[in-house]
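Student: I should like a close look at one part of this model, namely a small sheet, and then at the elements that can be described alongside it. Please give a single connected account.

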Amino acid sequence: MNRMLLTILACFMVILAFPSRAAEPRQQPTEQERARTVYIFHQPIVMLQAKFGLTTPEERVLRIHNTLRNFTQADVREPLKIVPVTRYRQQGRLIVMNGKPVMLLAEGDLDEGDDLTLDQAAQRVLARMEIQRTSLRDQYDRGWLALAAVKTAAGLLGLTLFWYGAYRSWRWVRRHYRRKIFENRSWVPQNWRRFVGAIETRLYALLMILLGIMAFYVWLSWIFSLFPWTRVWGESLGDWSVRVVREIALSIVSALPGLMIVLLIFAITALILKLLKVILNQVEAGRLTLPGIHPETVGATRKLISVVVWLFALSAAYPFLPGANSLAFKGISVFFGLMLTLGSAGVMNHAMSGLVLIYSRALRKGDVIRIADNEGLVSEIGMLATKIITRENYVVTVPNAVVVSGKITNLSAQNPDGGVNLTVGVTIGYDTPWRQVHAMLELAANRAQGIDHTQPPLVRQLSLMDWYIAYELQVRLQPDTSLATARDALHSNIQDVFNEFNVQIMSPNFVMQPKGAVMVAKENWYASPAMPPEKSEV
């Protein structure tokens, strides 16, 4: 019993760093002040400052600690007393327990800033020590220990019931959301209800787990404080939780001004972007003109300005974010910056190429273009790629870097009404009058569907080959007419017209010199449907 009591008394006195000023607490102690502070059950008692001979205040604290180790249970039951003494040629107050000295408080231990007399300081130290002694004495009582055991069992039962209630409530929440999904009674759409319900159920389960852990922590700290052997542990857990809560609260309060500044910066940024949106909408509608901004580039300009403004706002708000100066925050910033640098080389190439396409106005949505082997309607010009709908109704995605580096043929850029110029070619032998070929191609163009007849067809002789002449027919298509459909109709009518006038489209290739000259007699220059100039319709 005595050995166990000595162990308890050893835990009774702990010398730790704690804020004290003589008999009064100090808010921010130094390392030296921590070494001179007497701390019992995590409560401040006194900070010794006097040096007696070669004995420093730190050694006096250690001696007091060793003295308390030798007290018995009978000593703890006796109240503490103050005995006036004169030691080392100065007045002092000796605190004794059951006639045995505990500590000496001398005039040199006083701090002038406390404005206390020696008797007043001794009474404060005595009061603090008496509270700890009385508490320890009560816990050695058998009745107290029996009551502590009953409280422990009751607390464990309450903790178990709390855990069981949390588990049952989680099961009820899960059934509740499943019933909502089955009966379709939620205001959330049915296709979202399953996803949202699963998230809410898991969040509630996480909340119950955290509450269960907190309840176990409170119960453990409470039962430790009931027994003399574990009271130090209970005090440690309680102090740690209070310190954590206090630090969290102080961090939240200290972060509020910075968060208010961040919210103010973001609100001003949103207001600026709304004003810019109004201005750009006026430019897009043609009611306002700004240098360097065209209606077709307003969409990309709006996105680009939004990104730049938000990046500037984030840079301005970054120093005010909570933890912005911490090493963890800086490490995460460096990590994401490195990922962005390494992974955005190709992306930035395509993005810059997209800006070149947009601001050079080489392409617009709805244009009919030809890129390499792809011909079709531009359906989208993104920051990274351009999408084309071909005649087969395929969607071809071409990276912007490829578009910029290659040749782009815009078939509709010169036609503001949306019509497209279509060209087809045929090769006819030298024995067919070219005037007749011109007339037949123009007749085929006038018969074809989807052709804009307000624009006269144009026929060109592109080249005089060895055995035939290469002709080209150019027509204007009506708006919203497909290239593939118009080309098919034009080819069909060309075949019909040439067959109608008995003209061979097949290009001749000679294997030997013909017996007669391959030429057209003058009287056949205006073969039907061609007409001489004096008979042509005006």
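Tutor: The account below begins with the chain as a whole, turns to the sheet, and then considers several helices and a loop residue.

The model is predicted. Its chain contains 14 helices and 14 strands. Of the 538 residues, 34% count as buried. The chain exposes about 33300 Å², and carbon and sulfur atoms supply 62% of that area. Among contacts in the chain with a separation of 6 or more, 60% are made by residues 24 or more positions apart.

The sheet in question is open and has 3 strands, in the order 4-5-6, with antiparallel pairing. Strand 4 (80–87) and strand 6 (100–106) are its edge strands, each of which pairs on one side only. On average, neighbouring strands of this sheet are turned by 30° against each other, direction ignored. As a general point, strands of a sheet pair through backbone hydrogen bonds, either parallel or antiparallel.

Consider the pairing on each side of strand 5 in turn. Strand 4 is joined to strand 5 (residues 90–97) by 8 bridges, and the two run antiparallel. Within this pairing, Val85 stands opposite Gly92 of strand 5, and Pro84 has Arg93 of strand 5 as its bridge partner. Strands 4 and 5 form a hairpin with 2 residues between them, and Tyr88 in the turn has a positive phi of about 55°.

On the other side, 6 bridges join strand 5 to strand 6, again with the strands running antiparallel. Here Val96 has Pro101 of strand 6 as its bridge partner. This hairpin of strand 5 and strand 6 also has 2 residues between the strands, and Asn98 takes a positive phi near 60°.

The burial of strand 5 can be read together with its pairing. Of the 8 residues of strand 5, 6 are buried, so the strand is largely enclosed by the rest of the structure. In a regular strand, side chains alternate between the two faces of the sheet.

A pair of residues leads from this part of the sequence to helix 3. His65 and Met103 are separated by 38 residues in sequence, while their C-alpha atoms lie 9.5 Å apart in space. His65 is found in helix 3 (residues 57–69). With a relative accessible area of 14%, His65 is buried, because the cut-off for that class is under 20%.

Helix 3 itself has 13 residues and reaches 19 Å from its first C-alpha to its last, close to the 18 Å expected at 1.5 Å a residue. Its buried residues are Pro57, Arg60, Val61, Ile64, His65 and Leu68. These cover an arc of only 145° around the axis, which puts them on the same side of helix 3. The general geometry of an α-helix is 3.6 residues a turn, so residues three or four places apart point the same way.

Helix 14 (residues 483–500) may be examined in a similar manner. It has 18 residues and extends 26 Å between its first and last C-alpha atoms, close to the 26 Å expected at 1.5 Å a residue. Leu483, Ala486, Arg487, Ala489, Leu490, Asn493, Ile494, Val497 and Phe498 are the buried residues of helix 14. Viewed down the axis of helix 14, these residues fall within an arc of 165°, so they line one face of the helix. The face turned away from that buried side carries the exposed residues Thr485, Asp488 and Asn499. The cover over the buried residues of helix 14 includes strand 7 (368–371), strand 8 (374–381), strand 12 (421–429), helix 13 (434–447) and strand 14 (468–476).

Two of these covering elements, strand 12 and helix 13, also frame a loop residue: Thr432 lies in the loop between them. At 11% relative accessibility, Thr432 counts as buried. When its neighbours within four places in sequence are left aside, Thr432 is in contact with Val437, Val503 and Val520.

Helix 9 (residues 298–317) completes the account. Its 20 residues should span 28 Å at 1.5 Å a residue, and the end C-alpha atoms are 28 Å apart, which agrees. In helix 9 the buried residues are Val298, Ala300, Thr301, Val309, Ala313 and Ala317.

Conventions. Residues numbered from 1 in each chain as written. Predicted model: local features only at pLDDT ≥ 70, side-chain atom pairs only at ≥ 80, totals over all residues. Heavy atoms only, no water. Pairing = 2+ DSSP bridges. Helix = DSSP H or I, 4+ residues; strand = E, 2+ residues; numbered from the N terminus. Axes fitted to C-alpha atoms, helices over the stretch in contact; angles between N-to-C directions. Buried < 20%, exposed > 50% of the residue type's maximum accessible area, 1.4 Å probe, protein only. Contact = heavy atoms within 4.5 Å. Areas by Shrake-Rupley, 256 points an atom, 1.4 Å probe, with all protein chains shown as cover. Expected span 1.5 Å × (residues − 1). Arc of directions from axis to C-beta.
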